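Trainee: Could we go through this structure slowly, with the reason behind each term we use?

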Amino acid sequence: MSRQYEKLRKCYEYCRSVTEFQPRVGLILGSGLGNYAKNMKIECVIPYGDIPGFPVSTVKGHAGQFLLGYIGDVPVILMKGRVHYYEGYSMEEVVLPIRLMKLLGIEVLFLTNAAGGINRKFCTGDFMMITDQISNFVPSPLIGENVSELGDRFPDMTHIYDIRLQKLIQKIAEEEQIPIQKGVYVQSSGPNFESPAEIRMFATLGADAVGMSTACEALAARHAGIRVCGISCISNMASGISEEDFCDLDVQAVADRRSREFELLVTQVILKLDSVHQ
Ligand code: HPA
């Protein structure tokens, strides 16, 4: 058994000592989007700090807990708060929660985040469905001994964001008349925001939005055979794209402004997952 898998098993066994709940869908809430929990019928709460060896976020507004419960009839595990690479955790630690959710039973992972808009057609407050990603500016979470219990040494990332889930998101956005952009997400290490030259580089490479999470999580999830989808909420235009001052950046205010539509979109996608299940 790999060392990392052994650690995961300990986390898993702790969670199983608390609950037998079997989630099918994992949902990670990005900055400012943490209010979603009110849409769930909660069966069990597991604070990250209670799980042996689990990384606990130090970021304000990232109160760390798993909420297990139902959205409609769908059993869901919601991560309220995530851990970031910039907090000083290793990539292996950053993706431990994803792998733990896999052991607990998830088949689908729904990632959300706040991101800076690089594409000049975007506006603050837009949603962007993630179609692909660039993760090479941070280390791969798969470096080191392969966790062979979860996946292959050289996993294919051609369809890292599941095509059928993307179609479902688009269909629901159309039905609910929620405008949604599409694009490529690039992960920057943070914690600093980027310089204008870095954003120009990302634009040249084909990125539409930039953030400090998500790509490594999607990678680890795909490695473990989880089907992944993601939506960014554009909390600001990236450095040099607009004259906005980062000192005034209020991620929460932007997320609050779009929270009704965000919650509707996420809920409808989760309720209709069966329509795209193989
Ligand atoms: N850059 C990186 N991460 C972010 C940004 C940004 O402009 N906005 C929200 N998360």
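**Loops, ligand and helix pairs**

Mentor: Let us start with P191, which is found in the loop between strand 7 (181-187) and helix 5 (196-204). Please keep in mind throughout that this is a predicted model.

Trainee: What makes the peptide bond between G190 and P191 worth pointing out?

Mentor: The bond that joins G190 and P191 is a cis peptide bond, with omega at about 0°. Another loop, the one between helix 4 and strand 7, holds Q177, and the phi of Q177 is near 55°, a positive value in a residue other than glycine.

Trainee: Turning to the ligand, how do you know that E194 makes a polar contact with the ligand?

Mentor: An N or O atom in the side chain of E194 is 2.8 Å from a nitrogen atom of the ligand, and a pair of N or O atoms counts as a polar contact within 3.5 Å, so this pair qualifies. The backbone takes part as well, since a backbone N or O atom of A114 lies 3.4 Å from a ligand nitrogen, and a polar backbone atom of G116 is 3.3 Å from a nitrogen atom of the ligand. As for cover, the ligand taken alone exposes 260 Å², of which the protein buries 94%.

Trainee: Which elements supply at least two residues each to the shell around the ligand?

Mentor: They are strand 5 (108-117), strand 8 (209-211) and strand 9 (227-237), and the largest share, three residues, comes from strand 5. The residues surrounding the ligand include F193, V210, M212, S235, N236 and F246, and the shell as a whole divides into six nonpolar residues, four polar and one charged.

Trainee: Why are helix 1 and helix 3 called oblique to each other?

Mentor: Helix 1 (residues 3-18) and helix 3 (residues 96-104) pack at an angle of about 60°, with their axes 10 Å apart. Angles under 35 degrees count as roughly parallel and those from 65 to 115 as roughly perpendicular, so a value between these ranges is oblique, and helix 1 and helix 3 are therefore described in that way. Helix 1 passes helix 3 in a right-handed crossing.

Trainee: And why does the word oblique also apply to helix 4 and helix 8?

Mentor: Helix 4 (residues 163-175) packs against helix 8 (residues 259-271) at an angle of about 125°, with the axes 10 Å apart. Roughly perpendicular ends at 115 degrees and roughly antiparallel requires over 145, and helix 4 and helix 8 are therefore oblique to each other. The crossing in which helix 4 passes helix 8 is right-handed.

Terms used
Residues are numbered from 1 along each chain as its sequence is written. This is a predicted model: local features need pLDDT of at least 70, side-chain atom pairs count only at pLDDT 80 or more; totals for chains, interfaces and linings use all residues. Side-chain values use heavy atoms; hydrogens and water are left out. A residue is near a molecule or strand if one of its heavy atoms lies within 4 Å of it. A polar contact is a pair of N or O atoms within 3.5 Å; within protein, one must be able to donate a hydrogen and the other to accept it, and residues adjacent in sequence count only if both atoms are side-chain atoms. Accessible areas come from the Shrake-Rupley method with a 1.4 Å probe; for residues, only the protein chains shown count as cover. Helices (H or I, at least four residues) and strands (E, at least two) are DSSP runs, numbered from the N terminus. Ala, Val, Leu, Ile, Met, Phe, Trp, Tyr, Cys and Pro count as nonpolar, Asp, Glu, Lys and Arg as charged, and the others, Gly among them, as polar. Axes are lines fitted to C-alpha atoms, for helices over the stretch in contact, and angles run from 0 to 180 degrees between N-to-C directions. A crossing is left-handed if the near helix is turned anticlockwise from the far one by less than a right angle, and right-handed if clockwise.
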